[in-house]
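Please examine the structure shown below. The paragraphs that follow lead through parts of it in turn.

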Amino acid sequence: MSGSNSTVRLAPAAAILRHTVLLVSGALVLVPFVWMVSLSLKPPGEIFRASFSFWPAEFHGVENYTNALTEAPLPRYMANGLIVCALILVLQILICVPCAYALAKLRFPGRDLLFGMVLVGLLLPHQVLSLPLFILGYQLGILNTYAALVFPYVVSPFGIFLFRQFFKTIPDDVVHAARLDGLSELAIVWKIMLPIALPALIAFSIFSVVGHWNDLFWPLIAVRDQSLMPPPLGIMAFKNEEAGSDYGTLMAASTLVVAPLLIAFLAAQKWFLEGMTGGAVK
Amino acid sequence: MASLFIDSIRKNYGPTSVLRGVSLSIADGEFLTLLGPSGCGKSTLLRILAGLEVQDAGSISIGGRTVDELRPKRRDVAMVFQSYALYPHMTVASNMALPLRMRRLSAIQRLPLLGRLLPGTARIAAEVDIEVTRTANSLGIGHLLARKPVQLSGGQRQRVAVARAMVRHPAVFLMDEPLSNLDAKLRVQMRAEIKELHQRLGCTFVYVTHDQAEAMTLSDRVAVMLDGQLLQVAAPQDIYADPADRRVAEFIGSPKINMLDCVVRERGSIDVAGSTLAIDAEVLPGVPLTLGIRPEALHPADHGGQGALTGSVLSIEHMGSDLFVHLDLAGVDDPLIVRLPADRASHIAPGQTLHVGVRPDRVLLFGRDGQRLRREVESGRASVTPIREIAR
């Protein structure tokens with residue numbers, strides 16, 4: 001994030017300008033988040049006060065966080081989010097990685113057409129498909145279950161595309177060597193290709209988990225039962241029914257919902273860099 | 001150990017014909033090199049041998065067993081790739097152990113955690129470890145077993161690739177330009193090691209290269225390939241001294257063989273570049289031919305005229321022990337290259353007129369179609385052996 005890392009030393013004025021631009025844009029991204037955390041620590045009276053301060057005059061954090069955890073079944077929502085995200089991610093990997101391998105390394109008639117269809121799938125916004133998916137879920141009788149939350153995302157065109165592009169960069173000779181060493185095609189996928197594609201796997205996992213943890217649109221359609229709601233939907237229900245104007249508690253709940261993602265991302269970042277530097281073939 | 005028989009293999013990629021009926025038989029324990037410029041189909045042939053590509057026509061048998069329907073792992077061949085194709089996420093030991101584990105452990109025994117608990121797994125794994133260590137030590141990479149490929153130098157990776165192929169004792173070793181990613185010094189060293197390896201293992205080697213020095217130094221026989229066809233299969237010295245085809249003569253040898261247009265004047269003499277050479281072509285007078293003469297088969301002569309070529313010196317290349325003298329001959333486009341020992345040619349300077357004598361026994365004559373005219377023939381016309389028959 002700073003000019004000191006670059007190989008070219010900048011003149012002081014240019015360095016100051018660069019840092020200013022970076023700091024301002026960084027601040028713009030961070031302000032809503034910091035504000036959320038700040039509100040989660042304030043008592044109700046202070047939240048609507050005309051004067052503005054990030055730091056609470058009166059520390060109300062304990063009450064807000066206790067309320068967030070006790071008034072609504074927030075742990076239940078988070079457990080739901082964990083179950084749904086984990087199921088989606090595992091199934092996505094199980095399906096996308098072999099598909100991507102076939103599209104990248106096997107030769108069969110219609111391969112390019114199939115890849116074209118994957119690209120079309122990539123272009124379609126998910127909302128467009130929500131009505132057919134709702135009807136499909138109804139016909140299958142799985143609405144208002146975990147299955148309803150999971151099934152639309154199991155085949156991810158983005159995952160297939162991402163892994164296919166990464167597999168394309170692995171030399172064919174590695175696949176040939178594996179075949180000569182006696183590995184079956186599926187063994188090549190899981191024992192050779194996926195470990196080499198660790199950076200792609202981590203990047204995809206981050207996208208997938210963040211996307212589905214924060215998803216509000218489809219859960220709103222697919223489930224009605226409070227015990228099945230993932231965190232964002234739960235918070236919304238929480239706001240309407242129980243919290244009313246208790247924004248401190250609402251922000252505390254939001255902070256708690258976002259925290260696992262932040263921790264997971266910071267933990268994965270180290271792996272991500274390691275994967276990037278350790279993956280060279282030649 | 002196994003002999004290898006390749007019967008009229010054809011392969012097309014769309015409209016491009018890559019292999020046009022290649023037939024070759026390789027003896028048990030032989031070191032055969034497929035030599036040709038890039039794009040001639042030699043790597044494709046090797047991949048077909050390994051079962052990584054499927055031929056459009058023709059058949060392959062290894063050790064008397066037809067393998068056309070067999071998958072790569074059932075063919076009992078091992079391959080060393082140009083890029084080494086090591087698994088980057090595994091240590092050297094795991095890279096080498098993988099082919100053994102895949103063969104000796106059952107699918108259940110290979111399961112990540114459960115497999116270790118099954119009876120026999122630990123014993124087989126220990127045997128694999130012992131063999132990996134022994135093979136690694138024999139190639140001098142025993143101290144690298146815990147490293148990953150990215151931490152190795154080019155030469156070390158090359159050795160690991162050879163070790164991975166060697167560890168399961170294949171009947172046939174296939175090598176696809178294994179030295180082309182190494183620097184010149186290491187290449188010479190690894191060349192000697194591969195030759196030593198072949199002598200030690202005694203199994204059949206098929207080696208693909210575009211480098212004639214590798215082909216000449218390593219092989220029992222060299223198969224010269226061009227445009228998807230085998231032009232000649234012979235021992236290295238025969239490929240050099242007795243090429244069957246103009247293209248073989250031009251591909252082998254550095255500097256390149258001199259090719260001069262010539263016409264038969266009468267029985268026993270040939271007109272070339274304004275001179276007449278006493279060469280018995282046994283072709284009807286007036287037939288245009290191409291005369292090939294290697295640079296070292298020319299020597300300085302005292303005078304021009306009968307039996308010698310005369311030209312002016314264009315340039316001189318000093319190679320240490322030898323000189324390459326480029327001569328401009330009247331009526332010839334390309335310069336004639338003469339290789340002379342440095343101590344006998346110190347007086348030669350650019351611009352000077354030089355007479356060179358030709359050793360008649362080293363002259364190679366080629367017909368207009370590029371085929372060699374052999375001079376041991378009965379009647380007026382030279383008999384030409386078709387390429388196909390030579391190739392077999």
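In this predicted model, helix 8 of chain A comprises the 12 residues 157-168. What span should be expected of helix 8? At 1.5 Å a residue the expected value is 16 Å, and the C-alpha atoms at the ends of the helix are 16 Å apart, so the two values agree.

The surroundings of helix 8 of chain A may be considered next. Its buried residues are Gly159(A), Ile160(A), Phe161(A), Leu162(A), Phe163(A), Arg164(A), Phe166(A) and Phe167(A). Which elements cover these buried residues? The cover includes helix 4 (74-105), helix 5 (111-123), helix 10 (185-196) and helix 11 (198-213), which belong to chain A.

In chain B, strand 1 (residues 4-13) and strand 2 (residues 16-26) pair in the antiparallel sense, and eight bridges join them. One of the residues involved is Asn12(B), whose bridge partner in strand 2 is Ser17(B). The two strands form a hairpin, with two residues between them. In the turn, Gly14(B) has a positive phi of about 60°.

The two chains also touch each other. The contact takes 18 residues from chain A and 17 residues from chain B. On the side of chain B that touches chain A, strand 6 (77-80) and helix 2 (92-104) each supply at least two residues. Helix 2 of chain B provides the largest share of that side, four residues. By character, the residues on this side of chain B divide into 13 nonpolar, two polar and two charged.

Terms used. Residues are numbered from 1 along each chain as its sequence is written. Chains are lettered from A and ligands numbered from 1 in the order in which they are written. This is a predicted model: local features need pLDDT of at least 70, side-chain atom pairs count only at pLDDT 80 or more; totals for chains, interfaces and linings use all residues. The expected span of a helix is 1.5 Å times one less than its number of residues. A residue is buried if 20 or more other C-beta atoms lie within 10 Å of its own, exposed if 12 or fewer, and partly exposed in between; C-beta atoms are placed from the backbone. Two residues are in contact if their C-beta atoms, placed from the backbone, lie within 7 Å. Two strands pair if DSSP finds at least two bridges between them. Ala, Val, Leu, Ile, Met, Phe, Trp, Tyr, Cys and Pro count as nonpolar, Asp, Glu, Lys and Arg as charged, and the others, Gly among them, as polar.
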